[in-house]
Amino acid sequence: MSDEMTPAHGRHRRDAAEGAPGPDFASALLEAFSRERIQAEQIGPAGFRMALPGGGTTDLDLADASREAAGLPPGDLPEFAAGVVRGMMRGFRRRGVPLGTHYPLPQDDTVGHTVLRALAGQGFSAVFLDPGTIGLKTEGFAGKVDARGYRSAVEGRPMADVEALAADFARDCARDLGRASHQPESVSGDGVQALRLRLYPESALTEEIRAGLVTRELAPGLWETVAVDFPDSVQALQRSALDGTGASPEQAFQAAIRNSVEEPAEITPHEGPGGIPLVHIGGEHPYMAAHVHALDRALGGAPPSGALVALPVPQVVIAHPIGGHHPIAALETLQEVAAHFVQGDKPITDQVFWWRPDGAPDARPDLRPVRVEVDHGAKSIALYADDDFRRLVEAFSAQR
């Protein structure tokens, strides 16, 4: 049977009675879905409807699996059903959809299983979240690490080398965790100078991971996180590090923003495509997103109508002060620029935001997602924005 199950709408359905799961197998499937925190219901003789992360559902035709299950002893059905669900999770997570609790490794993924054993030997509870990312848990710590470098390093190596490199990887993770145990030193006294601000797409931080970090939502789909800048690595600040220090998350954010904005940055005004003025805020460090907290400084003042802002990669912020050019033309240009930059290393998002200079009530930047689709041939425009931005566009158009 394939690793990936086919949605019902993606292939021809057989006769409804053929391949219908028996009650024992149907129950085993629903229990397997539940164990992996996937909402599902049976919707027909061989159909199941499954909830997708972020909203929406997909319908699955499990007639093939049901026919296989019909030839098994009843005692084997729970494990067989669990295997069906694991196959679905693998397939969806390979496509970037974080279905279920984790990415179940195929049995023949020797490289993956080897590193999980090495991490267990260092005291971690570890699972793959996707083929290149590992989620780690231990007492008082939850986080994730990029395993793509490890996979690349062991490719084609003999098994002895794979085991040695997996052991090195696990020791590095334990070393970083050891640093995490000293994080309280970074939120008091002179230690606050090590705090910085990192920005992540929502998809990069599971709810469980967010609960353990000093992080908060900056804008729809974006989370900013306090990090500790060690000499040879950057590590997200654990919420537990604040316990007993008297420091609040807000104080940690204020210090992280202040320190990040003071990092070397090059602020360069230039013309983008179509002559649209852009301000490029860049640096050789991953803390540039902090500049949205002080964007008026980079722009030489706060434009009355605000600015369009892109945060495509950690090293770059791009802004267009709204004023002399039509906001629709500027938005279309900035979308093109963001789409180019987001191809870089560790992308954040190609979404463009409208920055309002007054800020949100809690003193965070007021960033609102905006998007435009322009069909120049048909001379049509589709604008996706809130009412305030629509009124700004209408007012600008009325002046022309």
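In which sense do strand 16 and strand 17 pair, and over how many bridges? I began my notebook with this pair, keeping in mind that I was looking at a predicted model.

**Entry on the pair.** I looked up strand 16, which covers residues 366-375, and strand 17, which covers residues 380-384, and I found that they pair in the antiparallel sense over five bridges. I then followed one residue across, and noted that Val-372 has Leu-383 in strand 17 as its bridge partner. The two strands form a hairpin with four residues between them, and in the turn I noted Lys-379, whose phi is positive at about 55 degrees.

**Entry on the sheet.** I next looked up the sheet around this hairpin, and found seven strands forming an open sheet with antiparallel pairing, in the order 11-12-14-13-15-16-17. Strand 11 (266-271) and strand 17 stand at the edges and have a single partner strand each, so one side of each is left without a neighbour in the sheet. From one strand to the next, the twist averages 30 degrees.

**Entry on another pair.** I turned to strand 12 (residues 277-282) and strand 14 (residues 316-321), which run antiparallel and are joined by four bridges. Here I noted that Gly-282 has Val-316 in strand 14 as its bridge partner.

**Entry on a histidine.** Is His-291 buried or exposed? I found His-291 in the loop between strand 12 and helix 9 (295-298), and it counts as buried because its relative accessibility is 6%, where buried means under 20%. Leaving out residues up to four places away in sequence, I listed Val-261, Ala-265 and Ile-281 as the residues that His-291 touches.

Key: Residues are numbered from 1 along each chain as its sequence is written. This is a predicted model: local features need pLDDT of at least 70, side-chain atom pairs count only at pLDDT 80 or more; totals for chains, interfaces and linings use all residues. Side-chain values use heavy atoms; hydrogens and water are left out. Two strands pair if DSSP finds at least two bridges between them. Axes are lines fitted to C-alpha atoms, for helices over the stretch in contact, and angles run from 0 to 180 degrees between N-to-C directions. Buried means under 20% relative accessible area, exposed over 50%, partly exposed in between (1.4 Å probe, protein chains only). Contact means heavy atoms within 4.5 Å.
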